[in-house]
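User: I'd like a close look at one part of this protein, with the words explained as we go. Let me put the structure up first.

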Amino acid sequence: MVDVLKREGPMTQTMLKEHTNMQASTASYLMNDLKSIGIVINSGETIQGSGAGKPGNLIQLNNNLAQFIGIYVEDNQVNVYVTGLDGITLDYRKIVMGNPTQVEQALIQVVDSICQENSIIRGIGIAMKAMVLSDGTIRFGYRDGMNENWKLQGLLQRLTTHFSGIPIVIENDANCTALLYQYEQKEDKMDLVLYLLNRIPFGIGCSILVKGKLLKGANGSTGQYFEKGSRLRSLAIDKTNKDEYLESFITALMPHIATTAYLLDPKIVVLSGSFLSDLEEKTVDKVESIIKSYHLPIEVILTKGNQDYDPAKGAALIAMNDYISSFIAKVGAR
């Protein structure tokens with residue numbers, strides 16, 4: 001019921017019952033439980049149903065119960081979103097760093113500031129341009145030749161100590177974006193592969209969702225695209241016009257996308273990230289033409305760098321989902 005409200009927005013109890021295929025008595029019983037713990041509330045608005053009865057009260061998730069911080073480091077700036085239980089953005093901030101060694105200080109500074117203003121922060125999600133293992137260990141925090149040294153080893157432990165009492169989750173940026181894409185499509189069981197194409201610093205993330213769940217491998221390290229020889233990197237940092245070398249970049253990447261599509265047979269393949277931001281329409285047309293030339297049996301979608309797919313929002317979504325699962329599990333245990 002909570003997931004339906006999160007995806008679809010406010011609705012009446014009757015509408016919830018229909019979405020979840022529950023019996024009316026079961027829906028009523030569970031809704032009373034959710035209201036008693038404050039996770040849902042009446043919105044104060046009504047809507048006329050299809051029948052001749054009186055209008056029904058709209059029910060919504062209670063953003064005054066809990067809110068969540070999502071963070072992403074992009075180039076020399078930190079993108080920060082605060083979202084409610086419904087996933088809607090309530091606040092956005094951008095912090096510009098003087099140099100890439102200030103990442104941890106910038107994270108602590110912005111979270112401290114938000115927590116001082118907001119007493120109902122119940123989770124922090126951080127999207128990283130790195131491989132994140134199941135235990136939160138971060139790999140590839142330093143990449144040769146990219147003039148960055150974020151010194152991220154042990155970051156989760158240090159942040160957990162600093163922000164004691166607030167659960168913190170760190171996840172690969174491509175994985176955050178894949179979950180966010182699914183949420184924005186108002187679906188919960190998508191089979192998709194998402195490539196996150198980042199320009200500065202260069203990186204290719206690759207995330208897999210199977211029936212709506214991240215496929216993370218034995219160590220939880222899925223999220224990085226490996227390429228021996230750095231051919232794609234050399235194309236990515238080419239100093240010529242961005243719109244021109246993007247075509248070469250996509251051409252070089254398409255064999256991997258085609259192989260992945262045939263092996264995994266997802267519903268769709270999604271291309272996102274800063275490489276696709278601010279493109280001219282003619283460039284979009286050329287890139288789509290390159291993709292179509294492979295005649296894949298699976299749709300390949302360009303998000304065109306839409307801010308709606310900022311990994312920070314996906315990180316906040318993961319923190320929110322963890323909170324909801326934990327909160328409801330404790331209530332059920334009682």
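How many of the residues of strand 4 are buried?

Analyst: Before the answer, a word on what you're looking at. This is a predicted model, in which local features need pLDDT of at least 70 and side-chain atom pairs count only at pLDDT 80 or more, while totals for chains, interfaces and linings use all residues. Residues are numbered from 1 along each chain as its sequence is written, and side-chain values use heavy atoms, leaving out hydrogens and water.

Now, strand 4: eight of its eight residues are buried. "Buried" here stands for under 20% relative accessible area (over 50% is exposed, in between is partly exposed, with a 1.4 Å probe and protein chains only). The numbering of strands and helices starts at the N terminus and follows DSSP runs: H or I of at least four residues for a helix, E of at least two for a strand. In the whole chain there are ten helices and 14 strands, and 50% of the 334 residues count as buried.

Let's look at the two faces. In a regular strand, side chains alternate between the two faces of the sheet. In strand 4, Gln77, Asn79, Tyr81 and Thr83 lie on one side, Val78, Val80, Val82 and Gly84 lie on the other, and both sides are covered. For a contrast, go to strand 14 (residues 299-302): Val300 and Leu302 make up a covered face, but Glu299 and Ile301 make up an uncovered one.

Next, the neighbours of strand 4. Strands of a sheet pair through backbone hydrogen bonds, either parallel or antiparallel. Two strands count as paired if DSSP finds at least two bridges between them. Strand 4 (residues 77-84) runs antiparallel to strand 3 (residues 67-74), and eight bridges join the two. Within that pairing, Val78 in strand 4 has Val73 opposite. The hairpin linking strand 3 and strand 4 has two residues between the strands, and Asp75 takes a positive phi near 60 degrees there.

Strand 4 also pairs with strand 5, again in the antiparallel sense, over seven bridges. Here Tyr81 faces Tyr92 in strand 5. This hairpin has four residues between its strands, and Gly87 is the residue with a positive phi, near 80 degrees.

Zoom out a bit and you'll see the sheet that strand 4 belongs to. It is an open sheet of five strands in the order 5-4-3-6-9, with mixed pairing. Strand 5 (89-96) and strand 9 (168-172) are at the edges with a single partner strand each, so one side of each has no neighbour in the sheet. From one strand to the next, the twist averages 20 degrees.

Helices pack on this sheet too. Helix 5 (residues 155-162) touches strand 6 (121-128) and strand 9, and its direction makes about 155 degrees with that of strand 9. Helix 6 (residues 173-184) touches strand 3, strand 6 and strand 9, making about 95 degrees with the direction of strand 9. Touching, or contact, needs heavy atoms within 4.5 Å. The angles are taken between N-to-C directions and run from 0 to 180 degrees, with axes fitted to C-alpha atoms, for helices over the stretch in contact.

Helix 5 has its own buried residues: Leu155, Leu156 and Leu159. They sit on the same side of helix 5, because they cover an arc of only 95 degrees around the axis. That arc is taken from the directions from the helix axis to the C-beta atoms. Among the elements covering these residues are helix 4, strand 6, strand 8 (138-139) and strand 9.

Helix 4 also gives us a link back to strand 4. Val103 is found in helix 4 (residues 103-117), and it counts as buried because its relative accessibility is 0%. Its C-alpha atom is separated by 8.0 Å from that of Val78, although the two residues are 25 apart along the chain. Across the chain, residues 24 or more positions apart account for 63% of the contacts with a separation of 6 or more.

To sum up, strand 4 has both faces covered, and it pairs antiparallel with strand 3 and with strand 5.
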